[in-house]
Amino acid sequence: MTLVILVCHAPLGQALHAVACHAFGRYIAEVAVADISATEGKEDAMETIERVWINEGRPTEVMLLTDIMGATPSNAVAGWLKKHPEINARALAGVSVPITLRALTYRELSAEALCKKLSECVVAKIGRAHV
């Protein structure tokens, strides 16, 4: 089972978690949230991710979903991944409601397989338009 951690600018992670709870019709305990406040720097944000990971039992399969590439949460995710080469962790930037729901639906996959499955969700054809 892969731990899904939402690493986002506060309060986006909590909001995505709330939407997932609504969509599944129950409280979703299978996702962890590391909301990063506007005052946190990269090092503080990495400590926040570390605390969440430790609180979840230090799993070896981890999927981190972050919001904006190049912003503090994603930079902290990159730093955290470098700090933990011993675990099978993957990360994607550009988290959305569909990606969050898909991550929770396919949590039984390895982090690598889940990352691939989520990457397929990023580009979708809607009608005649490509997004």
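In this predicted model, leucine 64 sits across from alanine 91 of E4. From E3 the chain passes through H3 on its way to E4, giving a β-α-β crossover that is right-handed. Strand E3, covering residues 61–66, is held to E4 by six bridges, and the two run parallel. Methionine 63, for its part, faces arginine 90 in E4.

Stepping back to the whole sheet, there are four strands in the order E2-E1-E3-E4; the sheet is open and the pairing is parallel. The edges go to strand E2 (31–36) and strand E4 (88–93); each has a single partner strand, so one side of each has no neighbour in the sheet. Going from one strand to the next, the twist averages 20°.

Next come the helices that lie on this sheet. Helix H1, made of residues 12–24, lies across E2 and strand E1 (3–9), and its direction is at about 130° to E1. Helix H4 (residues 97–105) also packs on the sheet, where it touches E1, E2 and E3. Relative to E3, the direction of H4 makes an angle of about 170°.

H1 and H4 also pack against each other. Their axes are 10 Å apart and the packing angle is about 60°, which means that H1 counts as oblique to H4. The crossing of H1 past H4 is right-handed. On the H1 side, the contact is built from Leu16, Val19, Ala20, Ala23 and Phe24, while H4 brings in Val97, Thr100, Leu101, Leu104 and Thr105. Sorted by class, this contact of H1 with H4 comes out at eight nonpolar residues, two polar ones and no charged ones.

A second helix pair is formed by H2 (residues 42–55) and H3 (residues 72–83), whose axes come within 8 Å and cross at roughly 60°. H2 is therefore oblique to H3. Here, too, there is a right-handed crossing, with H2 passing H3. From H2, the residues involved are Lys42, Ala45, Met46, Ile49, Glu50 and Trp53; they meet Thr72, Asn75, Ala76, Val77, Gly79, Trp80 and Lys83 of H3. The class breakdown for H2 with H3 is seven nonpolar, three polar and three charged residues. Charged residues thus feature in the contact of H2 with H3, whereas the contact of H1 with H4 has none.

Two spots in the backbone deserve a mention. One is the peptide bond that links alanine 10 to proline 11: it is cis, and its omega is near 5°. Proline 11 belongs to the loop between E1 and H1. The other spot is arginine 58, which is not a glycine but still has a positive phi, about 55°. Arginine 58 is placed in the loop between H2 and E3.

Terms used: Residues are numbered from 1 along each chain as its sequence is written. This is a predicted model: local features need pLDDT of at least 70, side-chain atom pairs count only at pLDDT 80 or more; totals for chains, interfaces and linings use all residues. Side-chain values use heavy atoms; hydrogens and water are left out. Axes are lines fitted to C-alpha atoms, for helices over the stretch in contact, and angles run from 0 to 180 degrees between N-to-C directions. Angles under 35 degrees count as roughly parallel, over 145 as roughly antiparallel, 65 to 115 as roughly perpendicular and the rest as oblique. A crossing is left-handed if the near helix is turned anticlockwise from the far one by less than a right angle, and right-handed if clockwise. Contact means heavy atoms within 4.5 Å. Ala, Val, Leu, Ile, Met, Phe, Trp, Tyr, Cys and Pro count as nonpolar, Asp, Glu, Lys and Arg as charged, and the others, Gly among them, as polar. Two strands pair if DSSP finds at least two bridges between them. A crossover is right-handed if, with the strands pointing away from the viewer, the path from the first strand over the helix to the second runs clockwise.
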